[in-house]
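Colleague: I'm still new to reading structures like this one. Could you take me on a close look at a single part, starting from where the chains meet and following it inwards?

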Amino acid sequence: MPSATLLGQAVVSGLLAGGLYGLLALGLSLSWGLLRLVNLAHFALALLGAYLTYQLGTALHLSPWVAAIVLVPAFFGLGIALHLLFARFRVTEFTSLLVTFGIAVILESVIQWFWTADYRRYETPYASASFKLGPVFVPLLELFACLTAATLALATWAWLRFTYVGKALRAAAEDPAIAGAFGVDHRRHALLLSGLSAAYAGAAGTFIALIATLAPSQIWAWLGVVFAVVIIGGLGNPVGALLAGFLIGMSESITMAVVAPAWAPLVSFSILIGLLIFRPERV
Amino acid sequence: MMRAALALVVLLAFAAAAAAAPSGQPIRIGGTLALTGPLAPTALLHKIAGEIYVEELNKANGLLGRPVEWVLLDDQSKPELARSLYEKLITVDKVDLIIGPYATSGILAAMGVAQRYNKVYVHHSFGMPHLAKYEMHFPTAAFGPEPNKTVPTTVFDAVAATSKPPKSVAIVTSKFPSAQFQSNGAKEVAEKRGLKVPLYLEYEFGTRDWGAIAARVKDANADLLWIGALGLDGNQLLEAMKKLDYTPPRHFHLFPAPGPLVAAPDGKNALSVTVFEEHPPFMNNPGAAKFVPIFKERAAKANVPYTAIETQVGGSFAAWQVLEAGVTATKSLDDKAIGAWLRKNRVDTIIGKLRFDGPNNYGDDLFKVKQVQDGKWVVVWPREFTAPGARLQPQ
């Protein structure tokens, strides 16, 4: 039987890991739910953000937080450019899977060409920093990632819920023709949302650079679990994505602590399958 | 008169060069490497090693006086693709010889193809000898026939020789086949030696969150942590443990990415195993003195962060040496003749003398224990192979 400290530590670790899942899921959930684009390139953008943070940090000695200030707006622009491309070629929900998969593969090749396939690790003083809360240690970087995810998710939720643009985006996702009849300029709003999704990928990339190991193939490492988070959280639902991230992160972590680490990957998909069976209307 | 003599000297020099330069149809050696995908970081080192070997071969007299061409394809870290590509290399590209891909699963997948076409199959990174049943496979990952017993024994012998031998071992391993196989063996060996094993955990290849695993290792609080690590697993686990304010007294990493562990602050005194390091007596092995500087230069040019040569690159270079030795000794490209010769003879390579006459064509376990000391890997066990002045730390 695991000790209470071990369980407590597993809950904290899982909660914080779930924050990063939520942060990665945020942009994907928005573009899938409100733009009807299943953007697999989101993962590649996040990893590109991670590599750029690494590059700025190691080559130019820029602090990761300064790098984020540079990268997030740049990724916003990149997101808009990508959406212009999708709009130009009339990419639909189904074809977006293929197109964005292609973009992800191209980005993976670009990353490998520039940084090689070898592992990269961004060593910073923050990497091992933590503080003690009772008997449990709280890692600082993961906590900061989690707080960032929570802030962005709540702000995005409020933006979608209370502003005209947010309401227009939701209306256009529901019925583009009727929304258009009411004067909603979906094209402009879609560009904004696409830019925002990519900016979230850039922000997630900064944390990935600080927390994880970088290798080009890592693009695909997050795909399964983040897809599960997006679907469980509900498409286009930022707070749902965050809560689903917490749920998956904690479930995986507790499974690792109580049963065995090898069982952890099964958890997210078991929850997803359970949801599809018992609450199919949620998806 | 002087001019005529000079012209004669130049002519003779050209003639000598022409005689040494390989000519005729190139000998095509086919193989795959994981140039993309999760195994690509290490496969890149094998690619550089192979390219250098072939270039140097062609600068000399090639093979049997003919130039050598390496037909290299990308198996994308997928064993099923490696299998198909070897089929293509043999039946469509009609290569003369083949050389193995990187890593256990790919090597095993392609071994069936080599067997079907009776091709000599030299490979460099196979970690599960009991599964290699093909009579013409020749491994240069010199684990010996039972690495699940011999590798842990070497490691436990090394730490047992210190003034504070461990009494307990926590084992955490990737489910990657060769890592799991040897780590499972480590558990059995430890128990047989009377060591307690308070923790044995397996995790999936590609695990992202190390917090809970670190908490369990801390809870077990063993004297030695054995990590059946691949790539950066060990770095990430050490980092996660540090966040819990815990550093294991000793930590061993089975297949780590060598560079990042040396560079990481938590990597101090990390233990691992090796067949080659850049210090005596290894630098006296055939080919080492010439190959090491060229590899360093080429790896730096390829933007590889850690350019020191160790197990992977050593094994890769040795595979080419074995293939060359077989062809040169038999003066032929006949797979059966080369295979028969290799089974009967020892080959002196950069990682030591290899023989293929044991169970499943495995010879001796050549692995030694190395440790991160003063920012570099040095061999610390057995004593006759230790780097000058090095001792296993902490004593």
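Modeller: Let's start at the contact between the two chains, where chain B puts in 38 residues and chain A puts in 33 residues. Keep in mind that this is a predicted model. On the chain B side, several elements each supply at least two residues: H2, strand E7 (196-203), helix H7 (211-220), helix H8 (233-243) and helix H9 (258-263). The largest share belongs to H7(B), with six residues. Sort the chain B side by class and you get 18 nonpolar, nine polar and 11 charged residues.

Of those elements, H2 is a handy one to follow inwards. H2 of chain B covers residues 40-59 and lies across strands E1 and E2 of the same chain, running at about 165° to E2(B). So what does that helix lie on? Those strands belong to an open sheet of five strands in chain B, with the order E2-E1-E3-E4-E5 and parallel pairing. Read the order from its ends: strand E2 (68-74) and strand E5 (137-139) stand at the edges with a single partner strand each, so each has one side without a neighbour in the sheet. On average, neighbouring strands here are turned by 25° against each other, if you ignore direction.

Now zoom in on E1, residues 27-33 of chain B. E1(B) is joined to E2(B) by seven bridges, and the two run parallel. One of these pairs is easy to find: B:Arg28 has B:Glu69 in E2(B) as its bridge partner. E1(B) also pairs with E3, residues 97-99 of chain B, again in the parallel sense, over two bridges. There, B:Ile29 has B:Leu97 as its bridge partner in E3(B). Helix H3 of chain B, residues 79-91, packs on the sheet too: H3 touches E1, E2 and E3, and its direction makes about 170° with that of E1(B).

Is E1(B) largely enclosed or largely open? Six of its seven residues are buried, so E1(B) is largely enclosed by the rest of the structure. For the count behind that word, a residue is buried when 20 or more other C-beta atoms lie within 10 Å of its own.

Back to H2, which has a helix partner as well. H2(B) packs with helix H11 of chain B, residues 311-330, at an angle of about 35°, and their axes are 9 Å apart. The crossing is right-handed. From H2(B), the contact uses B:Thr42, B:Leu45, B:His46, B:Ala49, B:Gly50, B:Tyr53 and B:Leu57, while H11(B) brings B:Gln312, B:Val313, B:Ser316, B:Phe317, B:Trp320 and B:Glu324. By class, that makes seven nonpolar, five polar and one charged residues.

If you step back, chain B is divided into domain 1, which is 17-142 + 281-364, and domain 2, which is 149-274 + 369-385. Their centres, taken over C-alpha atoms, are separated by 29 Å. Where the two domains of chain B touch, 11 residues of domain 1 are in contact with 12 residues of domain 2. The domain 1 side of that contact has six nonpolar, four polar and one charged residues.

A good residue to click on next is B:Glu278, in the loop between strand E10 (271-274) and helix H10 (288-301) of chain B. B:Glu278 has 19 other C-beta atoms within 10 Å and is partly exposed. Leaving out residues up to four places away in sequence, B:Glu278 touches B:Met283, B:Val292, B:Ala308 and B:Ile309. By contrast, the C-alpha atoms of B:Glu278 and B:Gly211 are separated by 35 Å, with the two residues 67 apart along the chain.

Finally, here are some backbone oddities to hunt for. Most residues other than glycine have a negative phi, and most peptide bonds are trans. B:Asn269, in the loop between H9 and E10 of chain B, has a positive phi of about 65° without being a glycine. B:Asn269 is partly exposed, with 17 other C-beta atoms within 10 Å. Further on, the peptide bond from B:Trp381 to B:Pro382 is cis, with omega near -5°, and B:Pro382 sits in the segment after strand E14 (376-381) of chain B. Another cis bond joins B:Gln393 and B:Pro394, with omega about -15°.

Notes: Residues numbered from 1 in each chain as written. Chains lettered and ligands numbered in written order. Predicted model: local features only at pLDDT ≥ 70, side-chain atom pairs only at ≥ 80, totals over all residues. Pairing = 2+ DSSP bridges. Helix = DSSP H or I, 4+ residues; strand = E, 2+ residues; numbered from the N terminus. Axes fitted to C-alpha atoms, helices over the stretch in contact; angles between N-to-C directions. Contact = placed C-beta atoms within 7 Å. Nonpolar A, V, L, I, M, F, W, Y, C, P; charged D, E, K, R; others polar. Left-handed = near helix turned anticlockwise from the far one by under 90°. Domains from an automatic or database assignment. Buried ≥ 20, exposed ≤ 12 C-beta atoms within 10 Å, placed from the backbone.
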